[in-house]
Amino acid sequence: MEELRMAKKLVSGHDLAFRVQMEEALAVSASSVTSTSRDPTPLSVAVARKSYEVSQLWLHDKEFARQIKDMPDEEWDNDGDFVERPFGAAEGSDVPYRLFFKGMVSLEPVDGAWVPLSAVGVAICDGDDNLLHEMKKPTGVCSSRAVVEAKALIEGLAAALELGLKRIMILCDFVPIYNYIMRRWRAKQRKIANLVDQIKELTKKFQSCEITLLPRQAIDVQLEKIGVTLEHVGNSSTKDVKEKCSICFEDKDILQIFSVDGCSHLFCFSCMQQHVDVKLHQGLLPTCPYLGCKSKLTVENCRKFLSRKLLDTLSRRVKEALIPEIDKLYCPYEMCSALMSRKEMMKSEQASSSYCTHNGSGLRECIKCQLPFCIYCKVPWHEGLSCQQYKLNHPVEDVELQSLANKNLWRRCVKCNHMIEHVKGCYHMTCR
């Protein structure tokens with residue numbers, strides 16, 4: 001019984017020592033890292049790792065004391081002097097550490113403008129609700145909560161690996177992230193898909209890693225129980241928040257940063273304006289300039305950094321992109337040249353306009369200048385002549401074009417009837 005009393009005394013002594021050291025470690029960690037720091041300092045990581053080692057030693061001694069207590073008296077009398085359990089052979093317990101994470105997005109006033117600012121929070125504790133690691137930091141401009149939640153989980157998993165944890169239980173309250181990790185959903189946005197891949201790679205580095213979906217209220221209760229609040233990190237100094245442009249790599253004021261919808265890639269206004277200007281002059285519809293990203297730019301969002309002239313050009317390009325190449329039809333009047341959809345102009349409701357006859361003629365009215373033209377001949381309306389009669393009376397253009405085509409070996413596409421030229425490669429042709 002003397003040994004049993006000693007074992008109980010050992011447990012209580014180690015428990016007190018652990019709690020004292022844990023409080024000291026948390027005090028040092030809290031004083032060395034502020035809630036707005038962008039990256040945890042090496043000191044805070046070292047303190048947290050030391051706290052983890054102390055907790056492992058405490059768990060080892062607690063488990064060893066329990067084994068001594070449960071040992072039969074006869075076995076203790078015979079083998080008690082030889083019972084040992086070196087630390088490191090089977091330290092710790094099978095109870096995994098719990099990882100809480102939250103990604104928060106809110107509109108914050110910055111110099112009279114509402115800006116979507118984001119922040120992440122992470123807390124790691126053991127099975128007895130002892131806080132091992134806590135981190136809060138802002139993550140700049142981002143309007144996608146899924147992106148911010150994924151970044152928060154990556155921060156938490158990286159911290160757990162840095163602390164040397166082997167078993168982890170992820171407690172999640174955001175359904176999309178849970179379904180992405182469980183492979184129930186497939187991320188459609190490229191950036192979210194890349195973040196989910198990073199999460200899966202990090203989870204493979206643990207001996208055991210599980211994820212549990214809980215209601216937000218349940219997680220808040222558990223966090224309150226261990227004395228942690230992972231709510232929105234206060235951005236009292238939002239005016240000083242800087243973000244790095246992915247093109248010029250300069251730190252720019254948050255009000256001069258553009259976040260692309262769908263992928264949340266960040267670029268400064270100056271670089272975005274040059275990118276859109278170049279693409280429009282090349283006759284292309286600009287997309288996100290990030291390498292390999294295909295996210296589309298919207299006219300409404302581009303109003304922040306584009307001039308009125310570029311906005312008008314972008315708007316026309318967007319409308320042109322909506323019309324398939326085979327359906328593009330331009331007004332034949334030089335002063336207009338408005339773009340129209342052949343498919344839309346061929347609809348019955350268009351054909352029943354006052355300009356159209358009931359014998360299936362190609363008479364149509366331009367949607368911009370309101371002047372009549374022939375949809376088949378693509379010329380101003382030939383009053384009193386059928387399309388065949390018009391071509392017989394005006395053979396010059398066709399003859400000259402055909403002569404030039406024969407000279408350069410051009411051919412007509414059998415689908416859209418446009419002239420095409422073979423430059424290189426095989427003779428297989430695909431209509432645009």
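**Stop 1: helix H4**

Select residues 145-162, helix H4, in this predicted model. Colour the buried positions: Ala146, Val147, Val148, Glu149, Ala150, Ala152, Leu153, Ile154, Gly156, Leu157, Ala159 and Ala160. Glu149 is on that buried list. H4 has 18 residues. From its first C-alpha to its last, the helix reaches 26 Å, close to the 26 Å expected at 1.5 Å a residue. Now step past the end of the helix to Gly164. This glycine follows H4 and has a positive phi, near 85°.

**Stop 2: the core around H4**

Keep H4 on screen and add Leu99, Phe101, Ile124, Leu153, Leu157, Leu165 and Ile177. These residues have the most contacts inside the largest nonpolar core, which has 37 residues. Which elements supply at least two residues each? Strands E1 (97-110), E2 (113-125), E3 (131-141) and E4 (167-172) do, along with H4, helix H5 (175-181) and helix H6 (190-203). H4 gives the most, with 10 residues.

Then select Phe269, Met272, Cys293 and Leu297. They are among the 23 residues of another core, which lies apart from the largest one.

**Stop 3: the E2-E3 hairpin**

Show E2 and E3 as cartoon. The two strands form a hairpin with five residues between them. They pair in the antiparallel sense, over nine bridges. Find one bridge: Ala119 has Pro138 in E3 as its partner. In the turn, click Asp129, which has a positive phi of about 65°. Is E3 mostly covered or mostly uncovered? Mostly covered: nine of its 11 residues are buried.

**Stop 4: Asn179 in H5**

Move to helix H5 and select Asn179. Its relative accessible area is 7%, so Asn179 counts as buried. Display what surrounds this side chain. Beyond neighbours within four places in sequence, Asn179 is in contact with Arg184 and Trp185.

**Stop 5: the cysteines**

Select the cysteines next. How many disulfides does a search of the whole structure find? Zero. Go to Cys331, which is in no disulfide. The nearest cysteine sulfur belongs to Cys366, 3.7 Å away. A disulfide needs the two sulfur atoms within 2.5 Å, so this pair does not count as one. Cys331 is buried, with a relative accessible area of 4%. Now pick Cys125. At 0% relative accessibility, Cys125 is buried too.

**Stop 6: Arg316 in H10**

Jump to helix H10, residues 308-321, and select Arg316. Is this arginine buried, exposed or partly exposed? Arg316 is partly exposed, because its relative accessibility is 46% and that class runs between 20% and 50%. Add Leu285 and draw a C-alpha to C-alpha distance. The two residues are 31 apart in sequence and 9.7 Å apart in space.

**Last stop: the whole chain**

Zoom out. The chain has 432 residues, and 39% of them are buried. Its secondary structure comes to 14 helices and 16 strands. Turn on the surface: the accessible area is about 26000 Å², with 52% of it belonging to carbon and sulfur atoms. Finally, look at how the chain meets itself. Among contacts between residues at least 6 apart in sequence, 59% join residues at least 24 apart.

Terms used
Residues are numbered from 1 along each chain as its sequence is written. This is a predicted model: local features need pLDDT of at least 70, side-chain atom pairs count only at pLDDT 80 or more; totals for chains, interfaces and linings use all residues. Side-chain values use heavy atoms; hydrogens and water are left out. Helices (H or I, at least four residues) and strands (E, at least two) are DSSP runs, numbered from the N terminus. The expected span of a helix is 1.5 Å times one less than its number of residues. Buried means under 20% relative accessible area, exposed over 50%, partly exposed in between (1.4 Å probe, protein chains only). Contact means heavy atoms within 4.5 Å. Accessible areas come from the Shrake-Rupley method with a 1.4 Å probe; for residues, only the protein chains shown count as cover. A nonpolar core is a set of buried Ala, Val, Leu, Ile, Met, Phe, Trp, Tyr and Cys residues joined through side-chain atoms within 4.5 Å. Two strands pair if DSSP finds at least two bridges between them.
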